[in-house]
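Please look at this structure with me. The notes below go point by point.

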Amino acid sequence: MSELKTATRTQLPSVSARGRLVPASPIRKLAPFAEEAKLKGVHVYHLNIGQPDIETPAVMREQLKLISEKTYEYTPSAGTKAYVDSIRKYYAGLGIPLGTDEVLGTTGGSEALQFAFLACADSGDEILIAEPFYTNYRAFAAIAGLEMVPLLSRGEDGFHLPPREEWEEALTSRTKIVVITNPNNPTGTIYAREELEMIAGFCRDHGLFLISDEVYREFVYDGARAVSALTLSGMSDLVIVVDSLSKRYSACGIRLGALCTRNKAIFEAVLHMAQGRLSPPGLAQAIAPAAASLGPDFYDGVVSEYQKRRDILYEGLTRIPGVFLRKPEGAFYFIARLPVEDTEDFARWLLTDFSLEGGTVMLAPAAGFYVTEGRGLNEVRIAYVLKGDDLLQAVKILAAALPAYQKARGLRD
Ligand SMILES: Cc1ncc(COP(=O)(O)O)c(C=O)c1O
């Protein structure tokens, strides 16, 4: 063996450039400070993360107990017939007919997103998206070697989509995909049909894929409706919808979702990727079809509970001097502007230096939901997945914490 070969063997290989590019999640960044606060006996109200506290429907939990297989086998790569048919039935109920070769079962919406990014664009290509956006898209883009090109959506406009001119300006020869999240995490915005038609026209005129993340479809308030991109005309070959059971059935842990597209070539590419990872979770697919028996009562109950929570937070927070937010229309998140310069510092301080009546609040600083450096520094993303009484207490804590923080940082007497 040559000397050179021996020398190289003793060196540690380095992490790939791609591996180094994948950002840490801003939602979990402050978790160690929350753990420390809890060790000190402080109750932490988690407004930072979208883990619903509502029970997974009993029909799904009971189905799990009925599983009697002696071997937990791989399922077909696109999902079992029963699971795929249950998703098709669900879409048919929305007036959206989908064939068996247009629905593919995935490990959560997350895998559907990763597959969609990988199937629609090549390394070096660009994704256009309005920021702030769901922060994990950055990780999926980094893994696929894609660049997120952000356009600014503004709180004053309710974070609705920027006008077409701004999309045209951001377009380059590398643009391949537009991503929308409807209803939106982190902003809580629901896009109107006209906005979607505008974006559809832009995609059609420039031959771009439209990846529409609709995992919060049911979470719409004040009688609003979320329009699926699958209903946009002239878009059959361009639309990929990302779906998930995580939020709809308060079942994040079963890790089941779906990718829906009428584009045969994209479906085939995704199917091949799915074959590489063998199958979506089998036990989850065994229990998921039971959700088909849930009627409008289930959805209405969940939606009215979240609407109540939204109202508690909206009314409470807008009464705090210096806090700005528009009434969120859907999902269970919103972006609020706070009277501080650096919400990351404020969020950390809440966990390390402040408590009221034995409790404090954990917030997600919004900067991590923007790509553009310096944006969102005075904003936080808030999730309302706690019970009403806890939300009232969280508002009380924030109302007391903001002036105390400003004083501690010398921003007021
Ligand atoms: C907008 C959005 N898309 C996709 C996901 C992924 O969810 P899952 O992989 O649990 O289906 C989430 C999770 O919070 C989300 O907020």
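**Notes on domains, sheet and ligand shell**

1. In this predicted model, 37 residues of domain 1 are in contact with 33 residues of domain 2. Contact means that C-beta atoms, placed from the backbone, lie within 7 Å. On the domain 1 side, helix H2 (17-21), helix H12 (296-318) and strand S9 (333-337) each give at least two residues. H12 has the largest share, five residues. Helices (H or I, at least four residues) and strands (E, at least two) are DSSP runs, numbered from the N terminus.

2. Domain 1 covers 16-55 + 297-408, and domain 2 covers 59-293. These bounds come from an automatic or database domain assignment. The domain centres, over C-alpha atoms, are 26 Å apart.

3. An open sheet of seven strands runs in the order S2-S8-S7-S6-S5-S3-S4, with mixed pairing. Strands pair if DSSP finds at least two bridges between them. S2 (103-106) and S4 (147-152) are at the edges with a single partner strand each, so one side of each has no neighbour in the sheet.

4. S3 (residues 126-131) and S5 (residues 175-181) are parallel partners over four bridges. Leu128 has Val178 in S5 as its bridge partner.

5. Thirteen residues surround the ligand; Gly108, Gly109, Ser110, Ser244 and Ser246 come nearest. Here "near" means a C-beta atom, placed from the backbone, within 6 Å. Helix H6 (residues 108-120) supplies the largest share of this shell, three residues.

6. Residues are numbered from 1 along each chain as its sequence is written. Local features need pLDDT of at least 70, and side-chain atom pairs count only at pLDDT 80 or more, while totals for chains, interfaces and linings use all residues.

Conventions: Two residues are in contact if their C-beta atoms, placed from the backbone, lie within 7 Å.
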